[in-house]
Amino acid sequence: MAEKTLFQKIMDRDEQGDILYEDDLCVALRDINPQAPTHVLIVPRKPIPTLDDLTEQDEPLVGHLFLVAQKVAAAEGLTDGYRTVFNNGRAGQQTVWHIHLHLIGGRRMSWPPG
Ligand code: 5GP
């Protein structure tokens with residue numbers, strides 16, 4: 001069996017993580033190195049390494065991640081907007097090879113991102 005990703009270990013409670021929300025498809029946990037007052041990662045239970053590994057079968061799953069981001073944003077009081085980001089691949093600054101949607105908020109964002 002393939003070795004578990006960091007996020008699978010957190011989901012399985014093999015490693016500590018601050019989990020805010022979970023359902024059959026995904027888990028939302030606080031980022032260990034927050035870039036804003038709210039920084040949550042929404043991670044599918046399915047360990048898809050990068051966006052390039054998505055298939056048509058995963059289409060509803062990706063939509064679900066955004067609806068969970070919407071719920072978590074409301075629960076966190078992000079009434080004035082927030083940012084959602086998938087970093088993808090090395091040039092996209094992805095560091096954990098299990099796709100995750102960053103939900104970042106609680107401060108005014110700048111553009112373009114670095
Ligand atoms: P990426 O760079 O792949 O887009 O995002 C990975 C994120 O995972 C980073 O924002 C990083 O701070 C976060 N991270 C790395 N290790 C841990 C950990 O052990 N626990 C949690 N909760 N987040 C982590």
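1. A word on naming before we start: helices and strands here are DSSP runs, numbered from the N terminus. With that in hand, H39 can be placed in strand β3. Please keep in mind as you read on that this is a predicted model.

2. Let's stay with H39 for a moment. Is H39 buried or exposed? Its relative accessibility is 4%, and buried means under 20%, so H39 counts as buried. The side chain of H39 also has a partner: a polar contact of 2.8 Å joins it to the side chain of H102. H102 turns up again at the ligand, as one of the residues that come nearest to it.

3. On to the ligand itself. There are 16 residues around it, and those that come nearest are D31, N87, T95, H100 and H102. By character, the shell is made up of 7 nonpolar, 7 polar and 2 charged residues.

4. Some individual distances are worth checking on your screen. A polar backbone atom of R30 sits 2.9 Å from a nitrogen atom of the ligand. For N87, an N or O atom of the side chain is 2.9 Å from a ligand oxygen atom. Q93 takes part through its backbone, where an N or O atom lies 3.2 Å from an oxygen atom of the ligand. How much of the ligand does the protein bury? Taken alone, the ligand exposes 520 Å², and 81% of that is buried by the protein. Two elements, α1 (6-11) and β2 (26-30), give two or more residues to the shell. Of these, α1 gives the most, with 3 residues.

5. Q93 deserves a second look. You will find Q93 in the loop between β4 and β5, with a phi near 70 degrees, a positive value in a residue other than glycine. Q93 has a relative accessible area of 58%, so it counts as exposed. R13 also has a positive phi, about 65 degrees, although it is not a glycine; R13 belongs to the loop between α1 and β1 (19-22).

6. Now for the nonpolar interior. The largest nonpolar core has 12 residues, among them C26, V40, L65, V72 and L103. Which elements each supply at least two residues of this core? They are β2, β3 (38-44), α2 and β5. The largest share, 5 residues, comes from α2.

7. The structure holds 1 aromatic pair. The ring centres of F66 and F86 are 6.1 Å apart and their planes meet at 65 degrees, so the pair is edge-to-face. Along the chain the partners are 20 residues apart: F66 is in helix α2 (residues 59-75), while F86 is in the loop between β4 (83-85) and β5 (101-105). F66 counts as partly exposed because its relative accessibility is 37%.

8. Finally, two prolines to look up. P37 lies in the loop between β2 and β3 and is exposed, with a relative accessible area of 63%. The C-alpha atoms of P37 and I104 are separated by 7.8 Å, although the two residues are 67 apart along the chain. The other proline is P112, in the segment after β5; a cis peptide bond joins W111 to P112, with omega about 5 degrees.

How values were computed: Residues numbered from 1 in each chain as written. Predicted model: local features only at pLDDT ≥ 70, side-chain atom pairs only at ≥ 80, totals over all residues. Heavy atoms only, no water. Near = heavy atom within 4 Å. Polar contact = N/O pair within 3.5 Å; in protein donor to acceptor, adjacent residues only side chain to side chain. Areas by Shrake-Rupley, 256 points an atom, 1.4 Å probe, with all protein chains shown as cover. Helix = DSSP H or I, 4+ residues; strand = E, 2+ residues; numbered from the N terminus. Nonpolar A, V, L, I, M, F, W, Y, C, P; charged D, E, K, R; others polar. Phe/Tyr/Trp six-rings, centres within 6.5 Å; stacked < 30°, edge-to-face > 60°. Buried < 20%, exposed > 50% of the residue type's maximum accessible area, 1.4 Å probe, protein only. Core = buried A, V, L, I, M, F, W, Y, C linked by side-chain atoms within 4.5 Å.
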